[in-house]
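Got your viewer open? Here is a short walk through the model, one selection at a time.

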Amino acid sequence: ASTRATSVSISGDISSQLHAGYSHPLARSWQAERQLTKEMLIYPLFVTDNPDEETPIPSLPNQYRRGLNRLVPFLTPLVRKGLRSVMLFGVPLNPNAKDPLGTAADDPSGPVIQAIRLLRAQFPNLYITVDVCLCEYTSHGHCGILCDDGSLNNTQSVERISDVALAYALAGAHCVAPSDMNDGRVRAIKLKLIEAGISHQVLLMSYAAKFSGSLYGPFRDAAGSAPSFGDRKCYQLPPGGRGLARRAIVRDVAEGADIIMVKPASNFLDIISDAKELAKDMPIAAYQVSGEYAMIHAAAKAGVFDLKEMAFESTQGILRAGAGIVISYFTPDFLDWLST
Ligand code: PBG
Ligand code: ZN
């Protein structure tokens, strides 16, 4: 008994003893404020105007551009595994589809509006989110309508983008998510939804803090939406601009956003945490973008780490920072990984 007594004598503060709290896998899971669940995941989908298309995107491993006829067969097993939500992106491949005004964005016979109707009819429990932007549909590839000098015409862009959002909502989208970054578009969309009498049923998710940078390359390959000249630095936020992001978040809350999104995710965890603080009564979404997904795949392929381990680590960081919704190309993988 005397040897026992000496072996437990601890010189420092008893609060130094932490290991007990995470010695068991279940106890480790209790240490997280939020655990990834299937309900948190939104899966981005690229929908083309060629109905039978199913083309892999080289820079985005395991992701495809799909035509309307391919969507239901592809999604059926995912919905069975617990897929709750998708985010639609239109990819017009018809060479005549693009013009300076992005006219094809709300074409009732275009892929997005057709896909909204199809998925609403086929999958009654699937939540349909739609990205709202013009860059996939404009001949110049910018996210709005341009002035003569090549800069964005904010007034015309907001007018057009809010019309497009309304068209998606009227077609049955549960959620519209403007990613264009024109000033005032959240307010304009909200007002049109109110005017149309559907604002109580359509959620407005703002890409409030969307930063410019190198991480959207694979997406622009997938969507054919790279700008034909210049870049997006005058409307997407500068990566160092934490104050600007905070102002954009506060503004979009005031303009009627229902969810605030931060994008990209892993390089901007401080912004996710700012969003959680500034919009503390709202859900916060984070978009793990194409470049983040492609980087994790490339590093796993190079033997740097295990793909699944890193996919979970990346989302743990995103959830810990404050997000409760994750838009991710890993969604089909997570549906498998979270089932086992
Ligand atoms: C369209 C849009 C983009 C993304 C989402 N909506 C591309 C861009 O802004 O250039 C990026 C998503 C990704 O990289 O996965 N504005
Ligand atoms: Zn855009």
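What volume does the second largest pocket have? About 390 Å³. Before selecting anything, know that this is a predicted model, in which local features need pLDDT of at least 70, side-chain atom pairs count only at pLDDT 80 or more, and totals for chains, interfaces and linings use all residues. Residues are numbered from 1 along each chain as its sequence is written, chains are lettered from A and ligands numbered from 1 in the order in which they are written, and side-chain values use heavy atoms, with hydrogens and water left out.

**Stop 1: the second largest pocket**

Select Leu-152, Met-181, Asp-183, Cys-234 and Tyr-235, which lie nearest the centre of this pocket among its 18 lining residues. A pocket here is an open set of points, on a 1 Å grid over the protein atoms alone, with protein on both sides within 12 Å along at least five of seven lines, and lining residues have an atom within 4 Å of a point. Its volume is the space filled by probe spheres set on the points, which are joined across faces, edges and corners. Now colour helix H8 (residues 242-254), which gives the largest share of the lining, four residues. Helices (H or I, at least four residues) and strands (E, at least two) are DSSP runs, numbered from the N terminus. By class, the lining has eight nonpolar, five polar and five charged residues. In this count Ala, Val, Leu, Ile, Met, Phe, Trp, Tyr, Cys and Pro are nonpolar, Asp, Glu, Lys and Arg are charged, and the others, Gly among them, are polar.

**Stop 2: the largest pocket**

Next, pick Ser-29, Ala-32, Arg-34, Gln-35 and Gln-316: they lie nearest the centre of the largest pocket, which 16 residues line. The space in there comes to about 500 Å³. Helix H2 (25-30) and helix H11 (307-321) are the elements that give two or more residues to this lining, and H11 has the largest share with five. Sorted by class, you get seven nonpolar, five polar and four charged residues.

**Stop 3: the cavities**

Time to go inside. Two cavities of 30 Å³ or more turn up; a cavity is a set of grid points where a 1.4 Å probe fits but cannot get out. The largest holds about 160 Å³ of space. Show Ser-179, Lys-210, Tyr-216, Phe-219 and Lys-263, which lie nearest its centre in a lining of 20 residues. The elements that give two or more residues to that lining are strand E7 (203-210) and helix H7 (217-223). The lining residues divide into ten nonpolar, four polar and six charged.

The second largest cavity holds about 30 Å³. Select Leu-88, Phe-89, Gly-90, Val-112, Asp-131, Cys-133, Glu-136, Tyr-137 and Tyr-168 to see its lining. Strand E4 (residues 85-91) gives the largest share, three residues.

**Stop 4: the core**

Keep Leu-88 and Tyr-168 on screen, since both are among the residues with the most contacts inside the largest nonpolar core, of 106 residues. Such a core is a set of buried Ala, Val, Leu, Ile, Met, Phe, Trp, Tyr and Cys residues joined through side-chain atoms within 4.5 Å. H5 gives the most to this core, with eight residues. Then centre on Met-87: leaving aside neighbours within four places in sequence, Met-87 is in contact (heavy atoms within 4.5 Å) with residues including Ile-42, Ala-177, Met-205, Met-261 and Ile-327.

**Stop 5: salt bridges**

How many salt bridges does the structure hold? There are 15, each a side-chain nitrogen of Lys or Arg within 4 Å of a carboxyl oxygen of Asp or Glu. Start with Glu-54 and Arg-66, at 2.7 Å, N to O. Glu-54 sits in strand E2 (residues 54-56) and Arg-66 in strand E3 (residues 64-66), twelve residues apart. Buried or exposed? Arg-66 counts as buried at 6% relative accessibility, while Glu-54, at 34%, is partly exposed. Buried means under 20% relative accessible area, exposed over 50%, and partly exposed in between (1.4 Å probe, protein chains only).

Add Arg-70, which also forms a salt bridge with Glu-54, at 3.4 Å between the closest N and O atoms. Arg-70 lies in helix H3 (residues 68-80) and Glu-54 in strand E2, so this pair ties together parts 16 residues apart in sequence.

Finish at Lys-192 and Asp-163, whose closest N and O atoms are 2.8 Å apart in another salt bridge. Lys-192 belongs to helix H6 (residues 185-195) and Asp-163 to helix H5 (residues 154-171), so parts 29 residues apart in sequence are tied together.
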